[in-house]
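Thank you for making time this morning. I would like to walk through one chain, going from strand pairing to a helix, then to charged side chains and the surface, and I will keep to what can be read from the coordinates.

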Amino acid sequence: YIASVDVRTEYVDDKSNHQRVIYKFRPFVFEGIDTIEIKGNSLMPQRVVDDIVKSCLPANPYRVDIGLMDKVREKIEKWYQDRGLPFCYVGYFDGMEEGTLRANVIEAKVNNVAVRYERPRNGESDNEIYSQGEVVPAEKIIAAAGFKKGEHYHIDDGQDAINNIYACGLIEEINIEPEQDMTDPSKINIRVVVEEVQPKSMEVRLCANACSAAVSQCYTLSMHASHR
């Protein structure tokens with residue numbers, strides 16, 4: 001969308017002998033365009049589409065440049081962002097040769113959910129990664145996370161998943177890492193990074209719980225005996 005670029009340099013000062021590079025861009029102007037369309041926006045109501053189109057049509061509808069494209073993009077993406085949908089955005093524009101400025105929207109959906117197990121290394125800054133859970137199986141973590149293939153990723157889904165996984169117990173740390181598929185931008189792959197409770201730590205907790213229960217039981221029996 002850039003018609004030409006002019007590049008020139010100028011001295012910053014005489015002491016350092018540094019030069020400043022200045023770029024001057026001239027946007028390409030598409031002519032004969034009198035319509036704006038939004039495609040792929042299944043979540044966006046038609047009234048919102050109409051408002052965006054109405055507010056973005058230029059006074060001279062036959063001349064459209066990158067400035068107008070940015071305006072259309074910002075309004076569309078703000079609507080999705082305000083509703084907590086970070087993976088919905090304008091992928092590209094086309095249709096200019098047909099007399100239409102068409103914004104093609106990508107509403108990415110959850111595709112794959114995987115678990116990565118990590119634990120601290122003694123005396124090292126990076127964590128050790130291991131493939132299978134030693135305490136909690138990956139299937140249980142994925143089920144607790146609640147992500148569903150084919151659903152849109154909402155910004156609150158990550159925190160909800162963390163809370164649900166913590167509720168299962170036996171997990172020390174959790175990070176949710178959603179990322180767009182590099183080969184298909186309509187797909188989101190989610191990595192759930194967890195640090196399990198170490199077996200020794202788990203034994204201590206179980207022992208502490210058992211001791212606490214035993215003390216409580218002894219106290220209850222002694223109270224019954226004293227009443228007799």
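Strands S10 and S11 pair in the antiparallel sense, and nine bridges hold that pairing. Please keep in mind throughout that this is a predicted model. The two strands form a hairpin, with six residues between S10 and S11. If you want to follow the register on your screens, Ile-171 has Glu-196 in S11 as its bridge partner, while Asn-175 is bridged to Val-193, again in S11. S11 also takes part in another pairing, since eight bridges join S8 to S11, and there the two strands run parallel. In that pairing Lys-109 has Lys-187 of S11 as its bridge partner.

From these strands we can move to helix H3, which covers residues 138-145 and whose buried residues are Ile-141, Ala-144 and Ala-145. How do these buried residues fall when H3 is seen down its axis? They lie within an arc of 100 degrees, and so they line one face of the helix. As a reminder of the background, an α-helix has 3.6 residues a turn, so residues three or four places apart point the same way. The face of H3 turned away from the buried side carries Glu-139 and Ala-143, which are exposed. As to what lies over the buried residues of H3, the cover includes strand S8 (109-120), helix H4 (157-168), strand S10 (171-180) and strand S11 (187-196). The strands of the pairings I began with, S8, S10 and S11, are thus among the elements covering the buried residues of this helix. Just after H3 comes Gly-146, and its phi is positive, near 85 degrees.

Let me turn to the charged side chains. The structure holds twelve salt bridges, and I will pick out a few of them. Glu-37 and Arg-102 form one, in which the closest N and O atoms are 3.2 Å apart. This pair links distant parts of the chain, with Glu-37 in strand S4 (residues 35-39) and Arg-102 in strand S7 (residues 100-107), 65 residues apart. Is Arg-102 buried or exposed? Arg-102 has a relative accessible area of 14%, and because the cut-off for buried is under 20%, Arg-102 counts as buried. Glu-37, for its part, is partly exposed, with a relative accessible area of 34%. Arg-102 also forms a salt bridge with Glu-98, where the closest N and O atoms are 3.1 Å apart, and Glu-98 counts as exposed at 55% relative accessibility. Which residues are linked in the network of salt bridges? The network is made of Glu-37, Asp-94, Glu-98 and Arg-102.

Elsewhere in the chain, the side chains of Glu-10 and Arg-8 meet in a salt bridge, at 3.3 Å from N to O. Glu-10 counts as partly exposed at 28% relative accessibility, and Arg-8 likewise counts as partly exposed, at 48%.

One loop residue deserves a comment before I come to the surface. Asn-41 sits in the loop between S4 and helix H1 (46-56), and at 14% relative accessibility Asn-41 counts as buried. What is Asn-41 in contact with, once its neighbours within four places in sequence are left aside? Its contacts are then Val-49, Tyr-80, Val-105 and Glu-107.

Finally, the surface. Val-5, Val-7, Val-21 and Tyr-23 form a nonpolar patch there, and together they have about 370 Å² of accessible area. The elements giving two or more residues to this nonpolar patch are strand S1 (2-11) and strand S2 (19-27). In a regular strand the side chains alternate between the two faces of the sheet. Tyr-23, which has its place in strand S2, is exposed, with a relative accessible area of 51%. If you would like to look at that region again while we talk, the patch residues to select are Val-5, Val-7, Val-21 and Tyr-23.

Conventions:
Residues are numbered from 1 along each chain as its sequence is written. This is a predicted model: local features need pLDDT of at least 70, side-chain atom pairs count only at pLDDT 80 or more; totals for chains, interfaces and linings use all residues. Side-chain values use heavy atoms; hydrogens and water are left out. Patches are made of residues with over 30% relative accessible area and no salt bridge: like charges are joined within 9 Å, nonpolar side chains (Val, Leu, Ile, Met, Phe, Trp, Tyr) within 5 Å. Accessible areas come from the Shrake-Rupley method with a 1.4 Å probe; for residues, only the protein chains shown count as cover. A salt bridge is a side-chain nitrogen of Lys or Arg within 4 Å of a carboxyl oxygen of Asp or Glu. Helices (H or I, at least four residues) and strands (E, at least two) are DSSP runs, numbered from the N terminus. Buried means under 20% relative accessible area, exposed over 50%, partly exposed in between (1.4 Å probe, protein chains only). The arc is that of the directions from the helix axis to the C-beta atoms. Contact means heavy atoms within 4.5 Å. Two strands pair if DSSP finds at least two bridges between them.
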